[in-house]
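Happy to look at this one with you. Let's go through the fold step by step, in questions and answers.

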Amino acid sequence: MSHVIALMEKEAGLGYRLAGVDVRETPTPEEMGRQARSLSLDPGVRLVILGEELFRGLPEALQRTLEESRSPLFVPVPSPPLRKGALRPEEYVARLIRRAVGYQIRIRR
């Protein structure tokens with residue numbers, strides 16, 4: 001099994017497939033939740049990339065559990081193109097950094 005796995009919609013996973021990442025299609029938040037729970041028990045998996053739109057459809061308790069997991073590390077990423085209502089890239093990066101280092105930073109252009 002791959003150490004890096006992506007859980008996302010079919011179209012969003014094409015780029016990851018080209019990069020050699022094992023992509024598992026998850027057309028619904030429920031399916032993503034089921035596969036994420038299963039992967040959280042697999043000691044061979046190190047990183048799970050999650051389609052952010054589906055991730056935000058998961059129950060909040062499961063979102064917190066996945067965000068707090070350290071092994072494997074679950075990282076929600078926005079699907080291109082960014083849709084209306086999604087976080088701006090700067091906000092997303094700031095949130096990732098806050099999660100990784102525990103500090104809030106301000107990104108200036």
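Q: What volume does the largest cavity have?
A: This is a predicted model, and everything below is computed from it. The structure holds one cavity of 30 Å³ or more. The volume of the largest cavity is about 40 Å³.

Q: Which helix gives the most to the lining of the largest cavity?
A: The lining is made up of Met8, Glu9, Ala12, Gly51, Glu52, Glu53, Leu54 and Ser79. One helix supplies three residues of that lining, the most of any element, and that helix is α3.

Q: What pattern does the chain follow along the sequence?
A: The secondary structure consists of five helices and four strands. Read from one end of the sequence to the other, they give β-α-β-α-β-α-α-β-α.

Q: What is the order of the strands in the open sheet?
A: Let's build it pair by pair. β1 pairs with β2 in the parallel sense over four bridges, and β1 also pairs with β3, again parallel and over four bridges. β3 in turn pairs with β4 over five parallel bridges. That leaves β2 (22-25) and β4 (73-77) as edge strands, each paired on one side only, and the order is β2-β1-β3-β4.

Q: Which residue in β3 is the bridge partner of Leu7?
A: Leu7 can be followed across the sheet in both directions. In β2, the residue opposite Leu7 is Arg24. In β3, the bridge partner of Leu7 is Leu50.

Q: Which residue in β4 does Val48 stand opposite?
A: Here we step across to the edge of the sheet, where β3 and β4 pair in the parallel sense. Across from Val48, in β4, stands Phe74.

Q: Why is β3 described as largely enclosed by the rest of the structure?
A: For the chain as a whole, buried residues make up 33% of the 109 residues. β3 has five residues, and it is largely enclosed because the number of them that are buried is four.

Q: What angle does the direction of α2 make with that of β1?
A: Within the sheet, neighbouring strands are turned against each other by 25 degrees on average, direction ignored. α2 packs on this sheet and touches β1, β2, β3 and β4. Its direction makes an angle with that of β1 of about 165 degrees.

Q: Which element supplies the largest share of the largest nonpolar core?
A: This core has 14 residues, and those with the most contacts inside it are Leu7, Met32, Val48, Leu50 and Leu66. At least two residues each come from β1 (4-8), α2 (29-40), β3 (47-51), α3 (52-55) and α4 (60-68). The largest share is three residues, and it comes from α2.

Q: How many residues does the second, separate core have?
A: Ala12, Val21, Val75 and Tyr92 are among its members. In general, nonpolar side chains of soluble globular proteins tend to be buried together. The second core here has a residue count of nine.

Q: Is Thr26 buried or exposed?
A: Thr26 lies in the loop between β2 and α2. Leaving aside residues up to four places away in sequence, Thr26 touches Leu7, Met8, Glu9, Glu31, Met32, Gln35 and Leu54. Its relative accessibility is 0%, so Thr26 counts as buried.

Note on methods:
Residues are numbered from 1 along each chain as its sequence is written. This is a predicted model: local features need pLDDT of at least 70, side-chain atom pairs count only at pLDDT 80 or more; totals for chains, interfaces and linings use all residues. Side-chain values use heavy atoms; hydrogens and water are left out. A nonpolar core is a set of buried Ala, Val, Leu, Ile, Met, Phe, Trp, Tyr and Cys residues joined through side-chain atoms within 4.5 Å. Buried means under 20% relative accessible area, exposed over 50%, partly exposed in between (1.4 Å probe, protein chains only). Two strands pair if DSSP finds at least two bridges between them. Axes are lines fitted to C-alpha atoms, for helices over the stretch in contact, and angles run from 0 to 180 degrees between N-to-C directions. Contact means heavy atoms within 4.5 Å. On a 1 Å grid over the protein atoms alone, a cavity is a set of points where a 1.4 Å probe fits but cannot get out, and a pocket is an open set with protein on both sides within 12 Å along at least five of seven lines; lining residues have an atom within 4 Å of a point. Grid points are joined across faces, edges and corners, and a volume is the space filled by probe spheres set on the points.
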